[in-house]
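Hi everyone, thanks for making time this morning. Let's look at one structure together and talk about its pockets and its domains.

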Amino acid sequence: MNHLLRVDGATVDYTTRHGATRALDGANLTIAPGERVGLVGESGSGKSTLGLLVGRLLPAGARVGGTITVDGRDVLSLRPGDLRALRREVLGFVPQDPVGALDPTLRVGRQMRLALRGSAGEDGNPADLLERVRIDRPDRVLRLYPHEISGGMAQRIVIATVMAAAPRLLVADEPTAALDAQSREEVTGLVMDLAESEGTSVLWLSHDLRAVGRWCDRTAVMYGGRVVEDGSTRAVLDDPRHPYTRALSRSDPAHAVPGRRLPAIVGGPPTLVAGAPGCAFAPRCPRAVADCEGHRPLPLTVDGRTVLCLRPETETTVPSDVKAAS
Ligand SMILES: Nc1ncnc2c1ncn2[C@@H]1O[C@H](COP(=O)(O)OP(=O)(O)OP(=O)(O)O)[C@@H](O)[C@H]1O
Ligand SMILES: [Mg+2]
C-alpha cells in the first residue's frame with residue numbers, strides 16, 4: 001500500500017538528571033494519503049514525541065532509532081536542506097498553544113506573510129486566508145498583535161497559515177485543548193473541512209475520544225511509547241481488543257453516566273527503559289498472566305485491527321451506553 005507516512009520501530013531515548021528515559025519504545029504507524037488518524041493515549045504515552053519525530057523536530061539530546069518515511073523520503077537521514085524542504089512542502093504542524101506559536105512583537109498580518117514566505121501559500125492574500133477560517137472583518141484582525149486576540153482566534157490564524165501552504169500531512173497536537181467547548185467544536189470542524197478540501201492527511205493527537213470518534217477514520221492508541229491498538233475508529237473505540245483501549249474508553253469523561261463513578265485505570269503510567277522485557281501495560285492489566293511480564297507482545301491482527309497483546313479481548317466489552325455516546 002502507498003503510505004504517505006510510515007513509522008517503523010521508532011525509538012526515542014533521553015538522558016536526564018534522573019537517568020535514562022525512553023519516550024518511544026518501538027512505535028509503528030502508517031497514514032495513507034487523505035486519511036485522518038487520531039492518536040490517543042494517556043499523558044506521557046509518547047504522542048507528542050511521535051508527532052514531532054515525523055518532522056525531526058525533537059529537542060537536541062533525543063537519541064532516535066527506527067525508520068520514518070514521509071512521502072517516500074527517509075526522514076532520519078535527510079540532509080538539512082532536504083529536511084527544510086520536506087517541512088515546507090509536505091508537512092504542517094498545529095501546536096497545542098496557539099498564542100505561544102505566534103510572535104508577540106509582530107502584527108498578525110506581518111507574521112502570516114513571513115511564515116508563508118517560500119511556501120505554496122506565499123501568494124495568498126492573508127485576508128482571504130482568514131476568511132477561510134471564518135474570521136469576520138479580517139482586515140481589522142491583520143492589524144492586531146497576538147495579545148489583543150483570543151485563544152480561539154489565535155488558533156484559527158495558526159490553522160489558516162499552516163493550511164495555506166497546502167501540506168500533504170498535517171500533524172495537530174491537541175490544537176483545541178486550550179479552547180472552550182464551543183470553539184473546540186468549531187476549530188476541529190474547520191481543520192477537518194480544510195484538510196478534506198485540500199486532500200491533506202491528518203495525524204490528530206488528542207485526549208478527546210469523542211472528537212476522534214467523530215472526525216478520524218482510524219484510531220491508534222499509544223501506551224508506553226508503542227502503538228498498542230490500531231484500526232478503524234469504529235472498531236477501536238466502540239469494540240476495543242486491547243485491554244488498555246478498553247480501560248481508556250471506559251474512563252473517558254464523555255462516557256460518564258450520571259450518578260455512576262467513572263472507572264479509573266488502576267496504577268500509574270510506566271517509566272520506560274530501553275530493553276525492558278514484557279508488556280508495559282501488564283502491571284495494570286486485568287487480563288495479564290505471567291507471560292505478559294516476560295514477553296514483549298508482537299503485533300497481532302485481531303478482528304480487522306492490529307493489537308499488541310498476548311491476550312487480546314475477544315468480545316464486545318464496552319457497555320451499550322458508551323456506544324450510544326460516540
Ligand atoms: N525533552 C525531554 N526530555 C526528557 N524526557 C522527555 C522529553 N520530552 C518528553 N519526554 C518524556 O517522554 C515521554 C513521552 O512524552 P510525550 O510528551 O511524548 O507524551 P504525550 O503522550 O504527548 O503526553 P501528553 O498527553 O501529556 O501531551 C514522557 O515520559 C516524557 O516525560
Ligand atoms: Mg503531548
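Which domains give at least three residues each to the lining of the largest pocket? Before I answer, a quick reminder that this is a predicted model. The answer is domain 1 (5–90 + 169–276 + 296–325) and domain 2 (100–166), with at least three lining residues coming from each. Those are the two domains into which the protein chain is divided.

Let me stay with that pocket for a moment. The space in the largest pocket comes to about 520 Å³. Its lining is made of 21 residues, and Phe93, Ala115, Leu116, Thr161 and Val162 are the ones nearest the centre. If you want to find the pocket by secondary structure, look for helix H2 (80–89), strand E6 (91–94), helix H4 (108–116) and helix H7 (151–164), since each of these elements gives two or more residues to the lining. For those of you thinking about chemistry, the lining splits into 13 nonpolar, four polar and four charged residues.

Now, how do the two domains sit against each other? The C-alpha centres of domain 1 and domain 2 are 28 Å apart. On the contact side, 14 residues of domain 1 touch 13 residues of domain 2. As a general note, people often give the size of an interface as the accessible area lost when the parts come together. Here, the area buried between domain 1 and domain 2 is about 1300 Å², and carbon and sulfur atoms give 65% of that. On the domain 1 side, Arg88, Leu190 and Leu194 lose the most area to domain 2, together 41% of what that side buries.

There is some charge pairing to mention too. Three salt bridges are found across the interface of domain 1 and domain 2. And if you are browsing the side chains, have a look at Arg132 and Glu198: they form a salt bridge, with their closest N and O atoms 2.7 Å apart.

Last stop, the second largest pocket. Its space is about 290 Å³. Here 18 residues make up the lining, and Asn28, Leu29, Thr30, Asp230 and Thr306 lie nearest the centre. The elements giving two or more residues to this lining are strand E1 (5–16), strand E2 (19–31), strand E10 (226–232) and strand E12 (305–308). Which strand gives the largest share? That would be E10, with six residues. By residue class, the lining of the second largest pocket has seven nonpolar, five polar and six charged residues.

That's my tour, and I'm happy to rotate the view for anyone.

Notes. Residues numbered from 1 in each chain as written. Chains lettered and ligands numbered in written order. Predicted model: local features only at pLDDT ≥ 70, side-chain atom pairs only at ≥ 80, totals over all residues. Heavy atoms only, no water. 1 Å grid on protein atoms, 1.4 Å probe; cavity = no way out; pocket = protein on both sides within 12 Å on 5 of 7 lines; lining within 4 Å. Points joined across faces, edges and corners; volume = space filled by probe spheres on them. Helix = DSSP H or I, 4+ residues; strand = E, 2+ residues; numbered from the N terminus. Nonpolar A, V, L, I, M, F, W, Y, C, P; charged D, E, K, R; others polar. Domains from an automatic or database assignment. Contact = heavy atoms within 4.5 Å. Buried area = accessible area lost by both parts, 1.4 Å probe. Salt bridge = Lys/Arg side-chain N within 4 Å of Asp/Glu carboxyl O.
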